[in-house]
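Subject: Handing over a structure with its ligand

Hello,

I am passing on the structure we talked about, so that you can look through it yourself before you read my notes. Please open it first and then compare it with what follows.

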Amino acid sequence: MTAQILDGKATAAAIKSELAERVSALTAQGVTPGLGTVLVGQDPGSVSYVGGKHRDCAEVGIASIREDLPETASQADVEAAVDRLNADPACTGYIVQLPLPKGIDTNAVLERIDPAKDADGLHPTNLGRLVLRVSEEITSPLPCTPAGIVELVQRHGIDLAGKDVVVLGRGTTVGRSIGLLLTRKDINATVTLTHTGTRDVAAHLRNADVVVAAAGVPGFVTPEHVKPGAVVLDVGVSRVLDPETGKARLRGDVDPAVADVASWISPNPGGVGPMTRAMLLANVVDTAERAAAAATTVGGV
Ligand SMILES: Nc1nc(=O)c2c([nH]1)NC[C@@H]1CN(c3ccc(C(=O)N[C@@H](CCC(=O)O)C(=O)O)cc3)C=[N+]21
């Protein structure tokens, strides 16, 4: 068996064209959504992701605002950049690129983001809303990678209701939040979160209907780990040195041979990464639409 491909690139392109229409409608009302980014330092991965986000914005008509700070930036410098974006009416949503350099208190920075402008959905208020709302509609920004995974799977016609999902990794952007989304009543999956303290990760993996691999360990998930017919999402991104070329290349958490066992697999690159970026744009458009609606309500009836 060879798995079918969860095509993140094509799905993200479809979402971007839907968003471009909503951006046109907003622009016609005199509102231009604007994405801000705070980038501290010159980590090649972060520089490339942030660049990609601004290219995506240009594609759908979202304005871009950049705050690029040196590696040596202090806590106060980073917080001042956050304050500028909070105050800037041209910025309707923004992200602080993670990880921040050592010595910066990441949680203090994330908590300083105006929750109404939180394009990453990582502000405690927005994560808290996700905790509180199990069946009600969610009208606050969702964490981009979990939202992108759900969208990718659903747009390929896969139903997650009743499925056993095993998540690898307890990072902020994926592992710790995806269960909140997958266990909502409209999705209804059962979620097991595994991490470096889990006694027998392989045993959990072998029982999973769906694997979300976000451990950041290249090639961690092998064919022996995967139940035949399982759906496998490869979220991890590591840069590894290719011994043949001597150049760094991207490697996911999933051994490509898993495609012989799984029913569906997300390629990496070309899977969850482009979906994460599309969901970031969706959050920016959503927040801009809400801000426009609030402005109309205040001025009108
Ligand atoms: N505040 C914050 N929010 C994030 O969402 C965030 C972050 N910090 N820090 C780092 C991780 C990682 N991340 C990726 C996004 C897109 C791709 C992506 O589009 N990758 C392409 C390949 C890109 C390439 O070739 O370099 C792909 O998978 O096809 C990858 C990784 C977002 N993150």
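According to an unreviewed UniProt entry, residues 6–120 are annotated as "domain: Tetrahydrofolate dehydrogenase/cyclohydrolase catalytic". Please keep in mind that this is a predicted model. Within residues 6–120, helix makes up 50% of the span and strand 16%, and the C-alpha atoms at its two ends are 23 Å apart.

Next comes the ligand, which occupies the space of the largest pocket. Two elements each give two or more residues to the shell around the ligand, namely α2 (44–60) and α9 (272–299), and the largest share, four residues, is the one that α9 provides. Sorted by character, the shell holds six nonpolar, five polar and three charged residues.

Which residues come nearest to the ligand? Out of the 14 residues around the ligand, these are V96, Q97, L98, D120 and G270. For three of them I can also give you a distance between polar atoms. In Q97 a polar side-chain atom lies 3.0 Å from a nitrogen atom of the ligand, whereas in L98 a backbone N or O atom lies 2.7 Å from a ligand nitrogen atom. For G270, a polar backbone atom is 2.6 Å from an oxygen atom of the ligand. On its own the ligand has 680 Å² of accessible area, and the protein covers 80% of that area.

With best wishes

Definitions and conventions: Residues are numbered from 1 along each chain as its sequence is written. This is a predicted model: local features need pLDDT of at least 70, side-chain atom pairs count only at pLDDT 80 or more; totals for chains, interfaces and linings use all residues. Side-chain values use heavy atoms; hydrogens and water are left out. UniProt positions are given in the numbering used here, feature names are shortened, and annotations may be inferred rather than shown by experiment. A residue is near a molecule or strand if one of its heavy atoms lies within 4 Å of it. A polar contact is a pair of N or O atoms within 3.5 Å; within protein, one must be able to donate a hydrogen and the other to accept it, and residues adjacent in sequence count only if both atoms are side-chain atoms. Accessible areas come from the Shrake-Rupley method with a 1.4 Å probe; for residues, only the protein chains shown count as cover. On a 1 Å grid over the protein atoms alone, a cavity is a set of points where a 1.4 Å probe fits but cannot get out, and a pocket is an open set with protein on both sides within 12 Å along at least five of seven lines; lining residues have an atom within 4 Å of a point. A molecule sits in a cavity or pocket if more than half of its atoms lie within 2 Å of its grid points. Ala, Val, Leu, Ile, Met, Phe, Trp, Tyr, Cys and Pro count as nonpolar, Asp, Glu, Lys and Arg as charged, and the others, Gly among them, as polar.
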